[in-house]
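Work through the following exercises with the sequence and the 3D view side by side, and try each task before reading its solution.

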Amino acid sequence: MIQQACTHQKTSLISGQELVPVLDFGMHACADTFVGVHQLNLSEPTFPLVCGLDTVTGYLQLQNITPASDRYTLYDYSYTSANNLPAQRHWHELADWIMRNCNIASRPVVEVGSNDGFLLELLQNRGVQVIGIDPSPGMIEMARARKIECLATMWDEAAAAEVVHRKGKVAAVISNNVLNHANDPLAFALTVKSALFRGGYWVFEVPYLQDLVAGDRFDQIYHEHVSYFTVSSIKHLLDAAGFGIVAIDRIDYHGGSLRVAAQIGKPHAAVVSPMIAAERQRGLFSPDTFRDWQARLVTKRNTWLEKFYQRVNEQPEVPVIGVCAAAKSNTALTWYRLDNTVISCITDASPLKQGKFTPLTRIPIRHDEEFANHPRATALVLSWNLSAQLMKTISNINSNVDFISL
């Protein structure tokens, strides 16, 4: 398996401004890489996980950018949109929001990064003509099983042209948690523009940088997430591509996200300017904000590890079992230096992950019922956004479990 080198980026992908290095998490594999048994004799590609700040637009981005196709095709992609009840509720709410706020009755809708097709199925059931775009062969197969028309490809000019050839100019392009994955955000935006009819909508969601810092959500930083957006940086990007923000909401998904609806040639909604002023007041344009944050994360990690190893040494007979093999879990495990020598396994409800191993840390992934095999266990909950649901599930399997979190 031959890997390409990453590209080191010194300037902002959306403004060309010189980046100020602010965060360094060391060497990491791609976080959505889950290693199959047949790949255990191979080494995962790893790259420096380093972020730089564009102080003009308040845009945080990776400085070492990996080949996009490798991230989704070298290993079987394991994330599915409908993998838990909170996610399913979110997509139901988004489908209703789109139907209320966007005039999409007369033209098709395309979703970029359509994954398993769950959202498109909801729209299709509401009478909308849909088409999905996704580079993962496994996700395309799952979407087609839902009777969703799909193209198995990355989103680029050729993909947009094929959509227009098949469907004509579309009423909306939806890209949820996808723009932040794009290696060239401006090219992505211009390609969206090329597929939309003049009155069409670009609807997208991205994790919000302000919430990421405020909530210590460092585990959302990984190689698949190239960009970390503020309202300011979204406005700058949309200005460059010829869009205006017609609606923008803060939502709880992924620990805090922005939902944006944009249209070609429209003015920005009045709420945009005060949101940007609040970001500047909170220090999101200042390198010191992020350097101070990393210093706090180092102290928090070191303090946690001291207490963790004291617990392990006092209870050597009690296994430590991780709960939820998410992409964010892999960032956390690598940053905390927790591998298969201290974490016996991780449980996960997804059959796509069971039987595989985490990247670098090589922790085996098993079914939640693993907890039934132990008289006592320590459960390390790795997905803070699902902690209540996960703790309830594990407690129903084994009531003699102590829960800890990072």
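**Exercise 1. Find the residue of β13 that stands opposite Ile248, and describe how the two strands concerned are paired.**

Solution. Begin at Ile248, whose opposite residue in β13 is Val260; keep in mind throughout that this is a predicted model. Next, widen the view to the strands: β12 covers residues 243–251 and β13 covers residues 257–264, and they pair in the antiparallel sense over eight bridges. Finally, look at the hairpin that these strands make, where five residues lie between the strands and His254 takes a positive phi near 55 degrees.

**Exercise 2. Write down the strand order of the open sheet of seven strands, and explain which strands stand at the edges.**

Solution. The order reads β8-β7-β6-β9-β10-β13-β12, and the pairing is mixed. Because β8 (150–152) and β12 each have a single partner strand, they stand at the edges, and one side of each is left without a neighbour in the sheet. From one strand to the next, the twist averages 15 degrees.

For an example of parallel pairing, turn to β6 (residues 109–112) and β9 (residues 170–176), which are joined in that sense over three bridges; here Val109 has Ala172 in β9 as its bridge partner. Helix α6 (residues 185–195) packs on this sheet and touches β6, β9, β10 (196–207), β12 and β13, while its direction makes about 145 degrees with that of β10.

**Exercise 3. Identify the members of the largest nonpolar core that touch the most other members, and name the helix that gives this core its largest share.**

Solution. The core has 45 residues, and those that touch the most other members are Trp155, Val173, Phe188, Trp202, Ile234, Leu238 and Phe243. Its largest share, five residues, comes from helix α8 (residues 231–241). Now follow Phe243 in detail: when its neighbours within four places in sequence are left aside, its contacts include Ala189, Val192, Leu196, Trp202, Leu238, Ala262 and Ile264. There is also a second, separate core of 36 residues, with Leu297, Leu305, Ala332 and Ile343 among them.

**Exercise 4. Compare the geometry of the aromatic pairs Tyr59–Phe229 and Trp304–Tyr336, and explain which parts of the chain each one ties together.**

Solution. Twelve aromatic pairs are found in the whole structure. In the pair of Tyr59 and Phe229, the centres are 5.5 Å apart and the planes make 35 degrees, which is a tilted arrangement. Tyr59 belongs to strand β4 (residues 59–62) and Phe229 to the loop between β11 (227–228) and α8, so this pair ties together parts that are 170 residues apart in sequence. Both of these residues, Tyr59 and Phe229, are buried.

The pair of Trp304 and Tyr336 is edge-to-face, with 5.4 Å from centre to centre and 90 degrees between the planes. Because Trp304 lies in helix α10 (residues 287–314) and Tyr336 in the loop between α11 (327–335) and β15 (345–347), the parts tied together are 32 residues apart in sequence. Trp304 and Tyr336 are both buried, and they belong to a cluster linked by ring pairs that also includes Phe25, Phe218, Phe308, Tyr309 and Trp335.

**Exercise 5. Decide whether His254 counts as buried or exposed, and say where this residue lies.**

Solution. His254 lies in the loop between β12 and β13. Its relative accessibility is 19%, and because buried means under 20%, His254 counts as buried.

How values were computed:
Residues numbered from 1 in each chain as written. Predicted model: local features only at pLDDT ≥ 70, side-chain atom pairs only at ≥ 80, totals over all residues. Heavy atoms only, no water. Pairing = 2+ DSSP bridges. Helix = DSSP H or I, 4+ residues; strand = E, 2+ residues; numbered from the N terminus. Axes fitted to C-alpha atoms, helices over the stretch in contact; angles between N-to-C directions. Contact = heavy atoms within 4.5 Å. Core = buried A, V, L, I, M, F, W, Y, C linked by side-chain atoms within 4.5 Å. Buried < 20%, exposed > 50% of the residue type's maximum accessible area, 1.4 Å probe, protein only. Phe/Tyr/Trp six-rings, centres within 6.5 Å; stacked < 30°, edge-to-face > 60°.
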